[in-house]
Amino acid sequence: MNDQRSAAEPAVAAVAVPEAVSALDGAGSARPGGRRAALAPVALVVAGGLSVQFGSAVAALLMPRAGALGVVTLRLVVAAVVLLAVCRPKLRGHSRADWGTVVAFGIAMGAMNMLFYQALDRIPLGAAVTLEVLGPLALSVIASRRLINFVWAGLALGGVFLLGGGGFDRLDPLGAAFALGAGAMWATYIVFSARTGRRFPQADGLALAMVVAAVLSLPLGILESGAKLAVPSTLAMGAAVALMSSVLPYTLELMALRRLPAHTFAVLMSLEPAIAATAGFLILDQALTATDALAIALVIGASMGAVRSQVGAGRRTKANS
């Protein structure tokens, strides 16, 4: 969300935390160039979103073999190994507060993944991502405290009401609860990802937090799946999920942020529920009803509106200062 997505943190931070919008806009403003150069970072973001959601679809196919917690364990452990090998973070020279922040970040990351995959085991991928997105959206409303964002929140709640058929009777209630819990953890993840980024250079904090998340999930995955996790075909699919849902999108979106304004990045990330629904349809044969499509469209529209409202407010503040 997602999962839970390490690559999504700059975008969602831009939605939720006003300071992040300014910071990222300064570092990631688009440079003048041709049409192809302007579209290139957009393509990277879309490719990252496709990778994340199709990775989630592959994870859903893997769950009958390894269980939801087993899939989470495989994904986090492989992603932690890859990030440690690439980043080689320094372990010395950090304060107790630094380690406390990165541990909290890792716990939020692990909980977000475990809750999301429990939801994915019970409800369609598009519905799970739509409900999960409410976490960052709620954080955006709380952070901005602007009246217009409460309108966007109401629009999103209308979408959720439609998605649940008026009371989640059509969706598995426990699955919906897990997705909402994953959204709450995603909001927590955003807060601690920003703090970790200020305390650790480059992606060192992310790599260390991924280790914490992997260690947190490992006993639960072993308890649920045991020796099934060591089956070569299961390991291979788990590695594919890790690469598609964590490593590849993080790399693509990090490249995109160097050439793309943060608010544009955040608007593109708001399309995640639609990408998830497409992946669910193509890989998992999870068809959408017209009501489902309208519900997802309302949540996407609310997310885009919240981003644009916050960016507009930031620009007015700069103009008046």
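**Stop 1: confidence**

Colour the chain by pLDDT and pick out two elements: helix 2 (residues 18-27) has the lowest mean pLDDT of the elements, 35, and helix 4 (residues 96-120) has the highest, 94. This is a predicted model, so the colouring matters for the rest of the tour: where pLDDT is low, the predicted coordinates should not be read in detail.

Now select residues 1-32. Here pLDDT stays under 50 throughout. The model still gives this stretch 93 contacts beyond four places in sequence. Treat those with the caution already mentioned: low pLDDT argues against a detailed reading of coordinates. Over the whole protein chain the average pLDDT is 78, and 75% of the residues score at least 70.

**Stop 2: the whole chain**

Switch to cartoon. The protein chain has twelve helices and zero strands. Trace the sequence and the pattern reads α-α-α-α-α-α-α-α-α-α-α-α.

Show the surface next. The protein chain exposes about 13900 Å², and carbon and sulfur atoms supply 68% of that area. Of its 321 residues, 53% are buried. Turn on contacts with a separation of 6 or more: residues 24 or more positions apart account for 89% of them.

**Stop 3: the salt bridge**

How many salt bridges does the structure hold? One. Select Arg199 and Asp98, whose side chains meet at 2.6 Å, N to O. The pair links distant parts of the chain: Arg199 sits in helix 7 (residues 173-199), Asp98 in helix 4, and their positions lie 101 residues apart in sequence.

Compare the two ends on the surface. Is Asp98 buried or exposed? Asp98 has a relative accessible area of 10%, so it counts as buried. Arg199 is partly exposed, because its relative accessible area is 38%.

Stay on Asp98 and display its surroundings. Not counting residues up to four places away in sequence, Asp98 touches Arg199 and Phe200. So the salt-bridge partner is one of the residues that Asp98 touches, and Asp98 itself is buried at 10% relative accessibility.

**Stop 4: Arg88, before helix 4**

Step back along the chain to Arg88. It lies in the loop between helix 3 (35-87) and helix 4. Check the backbone: phi is positive, about 45°, although Arg88 is not a glycine. Most residues other than glycine have a negative phi. With a relative accessible area of 68%, Arg88 is exposed.

**Stop 5: Val58, inside helix 3**

Select Val58, found in helix 3. Its relative accessibility is 17%, so Val58 counts as buried. Which residues does Val58 contact, leaving aside its neighbours within four places in sequence? They are Met237, Val241 and Met244.

Now draw a C-alpha distance from Val58 to Gly280. The two atoms are separated by 9.6 Å, while the residues are 222 apart along the chain. Gly280 is one of the buried residues of helix 11, which is the next selection.

**Stop 6: helix 11**

Select residues 272-284. This is helix 11, with 13 residues. At 1.5 Å a residue it should span 18 Å; the end C-alpha atoms are 17 Å apart, which agrees.

Show side chains and colour by burial. The buried residues are Glu272, Pro273, Ile275, Ala276, Ala277, Ala279, Gly280 and Leu284.

Then look at the surface of this helix. Leu61, Phe281, Leu282 and Ile283 form a nonpolar patch, with about 380 Å² of accessible area together. Helix 11 gives the patch its largest share, three residues. Centre on Leu282, in helix 11. Leu282 counts as exposed, because its relative accessibility is 58%.

**Stop 7: Asp285, after helix 11**

Move on from helix 11 to Asp285, which follows it. Where is Asp285 found? In the loop between helix 11 and helix 12 (290-320). Check the backbone once again: phi of Asp285 is near 60°, a positive value in a residue other than glycine. The usual sign for residues other than glycine is negative in most cases. At 64% relative accessibility, Asp285 counts as exposed.

**Last view**

Zoom out and keep Arg88 and Asp285 highlighted. Arg88 marks the loop between helix 3 and helix 4, and Asp285 marks the loop between helix 11 and helix 12. Add Asp98 and Arg199 to bring the salt bridge back into view.

Conventions: Residues numbered from 1 in each chain as written. Predicted model: local features only at pLDDT ≥ 70, side-chain atom pairs only at ≥ 80, totals over all residues. Heavy atoms only, no water. Helix = DSSP H or I, 4+ residues; strand = E, 2+ residues; numbered from the N terminus. Buried < 20%, exposed > 50% of the residue type's maximum accessible area, 1.4 Å probe, protein only. Contact = heavy atoms within 4.5 Å. Areas by Shrake-Rupley, 256 points an atom, 1.4 Å probe, with all protein chains shown as cover. pLDDT = per-residue confidence, 0-100. Expected span 1.5 Å × (residues − 1). Salt bridge = Lys/Arg side-chain N within 4 Å of Asp/Glu carboxyl O. Patch = residues over 30% accessible without salt bridge, like charges linked within 9 Å, V, L, I, M, F, W, Y side chains within 5 Å.
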